[in-house]
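Colleague: Before I accept any labels for the empty spaces and the ligand site, I would like to see how each one is justified.

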Amino acid sequence: MSSLLPQIPIDLRSDTVTRPSKEMLEAMKQAPVGDDVYGEDPSVNSLQKFSAELFGKEAGLFVPSGTMGNQLCLRAHTEPGDEVICDYKAHIFNYESGAAGNLSQVQLHPLHGKHGILEVDQIREAIREKAYWNPWTKLIALENTGNKAGGTVYPLERIRAIHEFAREKGLLLHLDGARLWNAHIESGIPLKEYARYFDSLSVCFSKGLGAPVGSMVLGTESFIRKVHRFRKMWGGGMRQAGSLAAACRFAVTHHLEGIRQDHIHLGILAEAFSKIPGVSIDWETVRTNILIADVSGTGKTAAEWSALLKEENILVSPFSATTIRMVTHRDVTPGMIDTAVTVFESFSQPK
Ligand SMILES: *Cc1c(COP(=O)(O)O)cnc(C)c1O
């Protein structure tokens, strides 16, 4: 009989797959709403104010996605022909559909950092002379935690050093903080302390925090006014968005601490998966809720591993030909972790 019941998959593809809880849906239902293009949605206004205070910035703007948040910041900070320095694993470079070139007419200058983390000297070398034939270096964009790097946490000392350097050179600094929540939980460093070094940041409510939709751009009031105009231009002006804002507010208030559990779960998964002969894991990167495991030594490709695990009801992302990615989140229960560990153990035993 039980085999006829639909089985809930253990979905480790991303922390974006979470569904709103009953309590969150209730908060969404209760939210007062208005037309946000007129600036009249009380729930959106309240989330923007709350977020600005949370991150110690002058103002915030609610946007539909992290991609739009990042790209609006690039647009508002730059002019066509400018250049933006980032790590070669950066989300803005890999996963935003070439938006920087298309929407802002800027060039990205990706550098080879270690685990998604740049050195000041590398950035210094990459800065171009302001000759008319050069792209003009305008902005440095960091990512914390680093997604493609495996959920790595930027050391605060490094952020400070890059900030100092950017100041000295007259460059602006942006943070893709889609998972800054995870960095904060892992390091214990306050969100405000991270935020203060950046001219702008974009954070997601729809990753580990578990809101269905929504990101926040943060910066000075004059910067946010600029971003507001571009958001409308790009079709990101929303009307009664208050129910979404209420979900985001609920997520910050009720789900932030839960991220700690995701990190514990990830550690358990990493430990068990690493025991499979031929699997290799760079333990330096296992810090938060993302695991990137190299399966090249197993004699199977990432796609084959993904298919094999899918047969066991475990969904993972084939991340490259030789690596798979697993991400923990609030809809992965302790019971699911136990099940996944048992499955991984079955692959560790010689058959
Ligand atoms: C998810 C993510 C984003 C934004 O993604 P959206 O799907 O557009 O909300 C930006 N940066 C990083 C590092 C991410 O992981």
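## Ligand shell and cavities

Modeller: Let us start with the shell around the ligand, which divides into one nonpolar, six polar and five charged residues; please keep in mind that this is a predicted model.

Colleague: Which residues surround the ligand, and what makes them count as near?

Modeller: The ligand is surrounded by Ser65, Gly66, Thr67, Asn70, His91, Glu96, Glu143, Asn147, Asp176, Ala178, Arg179 and Lys207. A residue is near if one of its heavy atoms lies within 4 Å of the molecule, so these residues are counted in the shell. Helix 3, residues 66-77, gives the largest share of this shell, namely three residues.

Colleague: What makes the approach of Asp176 to the ligand a polar contact?

Modeller: A polar side-chain atom of Asp176 lies 2.6 Å from a nitrogen atom of the ligand, and the cut-off for a pair of N or O atoms is 3.5 Å, so the pair qualifies as a polar contact. The same cut-off admits Arg179, because one of its polar side-chain atoms lies 2.8 Å from an oxygen atom of the ligand. For Gly66 the atom concerned is a backbone N or O, which lies 2.8 Å from an oxygen atom of the ligand, and this pair therefore counts as well. As for cover, the ligand taken alone exposes 380 Å², of which the protein buries 84%.

Colleague: How many cavities of 30 Å³ or more does a search of the whole structure find, and why are they called cavities?

Modeller: The search finds two. The word is used because a 1.4 Å probe fits at their grid points but cannot get out.

Colleague: What lines the largest cavity?

Modeller: This cavity has a volume of about 90 Å³, and of the 14 residues that line it, the closest to its centre are Asp87, Lys89, Ala90, Gly116 and Glu143. Strand 3 (82-87) and strand 5 (136-143) each supply at least two lining residues, with the largest share, three residues, coming from strand 5. By class, the lining divides into seven nonpolar, three polar and four charged residues.

Colleague: Which residues line the second largest cavity?

Modeller: The second largest cavity, with a volume of about 40 Å³, is lined by Asn70, Ala90, Ile92, Ala141, Leu142, Glu143, His174 and Asp176. Strand 5 and strand 6 (172-177) each supply at least two residues of that lining, which divides into four nonpolar, two polar and two charged residues.

Conventions: Residues are numbered from 1 along each chain as its sequence is written. This is a predicted model: local features need pLDDT of at least 70, side-chain atom pairs count only at pLDDT 80 or more; totals for chains, interfaces and linings use all residues. Side-chain values use heavy atoms; hydrogens and water are left out. On a 1 Å grid over the protein atoms alone, a cavity is a set of points where a 1.4 Å probe fits but cannot get out, and a pocket is an open set with protein on both sides within 12 Å along at least five of seven lines; lining residues have an atom within 4 Å of a point. Grid points are joined across faces, edges and corners, and a volume is the space filled by probe spheres set on the points. Helices (H or I, at least four residues) and strands (E, at least two) are DSSP runs, numbered from the N terminus. Ala, Val, Leu, Ile, Met, Phe, Trp, Tyr, Cys and Pro count as nonpolar, Asp, Glu, Lys and Arg as charged, and the others, Gly among them, as polar. A polar contact is a pair of N or O atoms within 3.5 Å; within protein, one must be able to donate a hydrogen and the other to accept it, and residues adjacent in sequence count only if both atoms are side-chain atoms. Accessible areas come from the Shrake-Rupley method with a 1.4 Å probe; for residues, only the protein chains shown count as cover.
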